[in-house]
Amino acid sequence: MKSPEMYLECVSCGKTYDPWDLRYKCDCGGILDVKRDLSKIDGEELRKLWDSRWGLKRGVESSGVWRYRELILSVPDEMIVTRQEGNTRLYPAGSAGKWAGLSDLWFKHEGENPTGSFKDRGMTCGASAARRLGAKSVACASTGNTSASMASYAAVAGMRAVIFIPEGKIAYGKLAQALAYNGRTLQIQGNFDDAMALVQDVCRELNIYLLNSINPYRIEGQKAICIETLQQLDWQVPDWFVIPGGNLGNNSALGKALMELHELGIITKIPRIAVIQAEGANPLYTMWKNHTEFKPVRNPETIATAIKIGNPVSWPKSMRAVTWSNGVVEQVTEQEIMDAKAKLDAAGIGAEPASCCSLAGAKKLRDSGVIGPDEKVVGILTGNILKDPDAVVGYHQDTLMDHYGIRGTFANKPVVIPATLDAVRKALGD
Ligand SMILES: *Cc1c(COP(=O)(O)O)cnc(C)c1O
Ligand SMILES: [Zn+2]
């Protein structure tokens, strides 16, 4: 099957551009979407083609992103920078589902990607676009996972990675990865939003390709989370997708994937999207709840550093996805995030703090009656449990109160005992 032609279209004014024009925004300042004419595509044929690629052992299409290449990016194989990303598992929620009061809750674990977060899905696409454009260097501002992913893909592609991270706390596992994959790591004096503003200037002035989520090709790659989940469900559409929202690229991608699958007739039912933000970094929630204009949060604060973002670039695309799907936006407290994390971890699944907004949000929406007890719900787990060991150990040692005001409600404290059989017996209560 021939891939449909791509073009770029402004989300604000509708102006179109050649896909290989080097630009991230419209002349009017609006953000860009990758568009395709899907009217000549036979959805049924396309679905069969994707199913025929399931389980391929090698080659570009064994990737859980490039399996769906017709809706991802039109580039020749030799330009594709891939680590066989995607192909992540879809877990029944087990005891975490019981805790949330949901009988049919599932988790799509994007922390099982090559660098431990869903960012790899967008990055394979962004890095391939960079190669197609002949870039020698790529850059991003990041709360951690984007930089870990970009450094890895740049290394695979033989490109230089330039990373801007905010000063202060960035999760240890993520910083370690950026350094380990040989990214040039610049810790700037400011928060994520400052880093984001700076990197855009730097890329323009120094001729570096920008791989932040403003990059429309990253969104295309992230659509594969949704497509792969539906394929794992034999194209049976759940009632809800619940997903954390930070810079809001991922829920935009989820919405875009659903819109395209719907246009192609591959799905007929539209699931509702619930975007979950941390209370201390909640500009989309505030806008949605109060029907107000978008207003950035000046000093975002949350232990879930991956979503500690006050001025998300993708909010117009995100709002479009929520509205189109008759979705909702919810916020959760620090305590709710970490208690949900304890339950998700103890269910044997495990994920980093930001990911656990999916469970915290699903429970909150069940408690308030927005989600019914037997509705089919898929939560997206965005990052790996090992990304942020400090948060885990802090919770279980119950030392997060001073800094974050978080209690170790379900703490599983380590116990120190003498090295005797008696002491073990006592400790185990046997
Ligand atoms: C990037 C990231 C998010 C937020 O995704 P956005 O697209 O920025 O909304 C959430 N969780 C983790 C683990 C992430 O790495
Ligand atoms: Zn425009």
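This report covers a zinc site, a mixed sheet with a helix across it, helix H9, and two residues with positive phi.

## Basis

The model is predicted: local features need pLDDT of at least 70 and side-chain atom pairs count only at pLDDT 80 or more, while totals for chains, interfaces and linings use all residues. Residues are numbered from 1 along each chain as its sequence is written, chains are lettered from A and ligands numbered from 1 in the order in which they are written, and side-chain values use heavy atoms, with hydrogens and water left out.

## Zinc site

Cys-10, Cys-13, Cys-26 and Cys-28 each give SG as a donor to the zinc ion (ligand 2), lying 2.3 Å from it. Donors are N, O and S atoms within 2.8 Å of the metal (3.2 Å for Na, K and Ca); water is not among the atoms, so sites may look incomplete. The angles among the 4 donor atoms are 106 to 119°, and the site is tetrahedral (four donors, all angles between 85 and 135 degrees).

Along the chain the donors follow the spacing C-x2-C-x12-C-x1-C. Cys-10 in strand S1 (residues 6-10) and Cys-28 in the loop between strands S2 (16-17) and S3 (32-36) are 18 residues apart, a pair that links distant parts of the chain. Helices (H or I, at least four residues) and strands (E, at least two) are DSSP runs, numbered from the N terminus. Cys-10 is buried at 3% relative accessibility, whereas Cys-28 is partly exposed at 47%. Buried means under 20% relative accessible area, exposed over 50%, and partly exposed in between (1.4 Å probe, protein chains only).

## Sheet and helix H8

An open sheet of 6 strands has the order S4-S5-S13-S10-S11-S12 and mixed pairing; two strands pair if DSSP finds at least two bridges between them. S4 (90-92) and S12 are the edge strands, each pairing on one side only. The twist averages 25° from one strand to the next.

Strands S5 (residues 104-109) and S13 (residues 376-381) run parallel and are joined by 6 bridges. Trp-106 stands opposite Val-378 in S13. Helix H8 (residues 249-263) lies across S10, S11 and S13, at about 155° to S10. Axes are lines fitted to C-alpha atoms, for helices over the stretch in contact, with angles from 0 to 180 degrees between N-to-C directions.

## Helix H9 and positive phi

Pro-283, Leu-284, Tyr-285 and Met-287 are buried in helix H9 (residues 283-290). Their cover includes strand S11 (272-278), helix H10 (315-324) and strand S12 (328-332), where contact means heavy atoms within 4.5 Å.

Most residues other than glycine have a negative phi. His-291, just after H9, takes a positive phi of about 50° and is exposed at 74% relative accessibility. Asp-234 also has a positive phi of about 50°, in the loop between helix H7 (216-232) and strand S10 (240-244), and is exposed at 60%.

How values were computed:
Four donors count as tetrahedral if all angles lie between 85 and 135 degrees; four count as square planar and six as octahedral if opposite donors are over 155 degrees apart and all others between 65 and 115; anything else is irregular.
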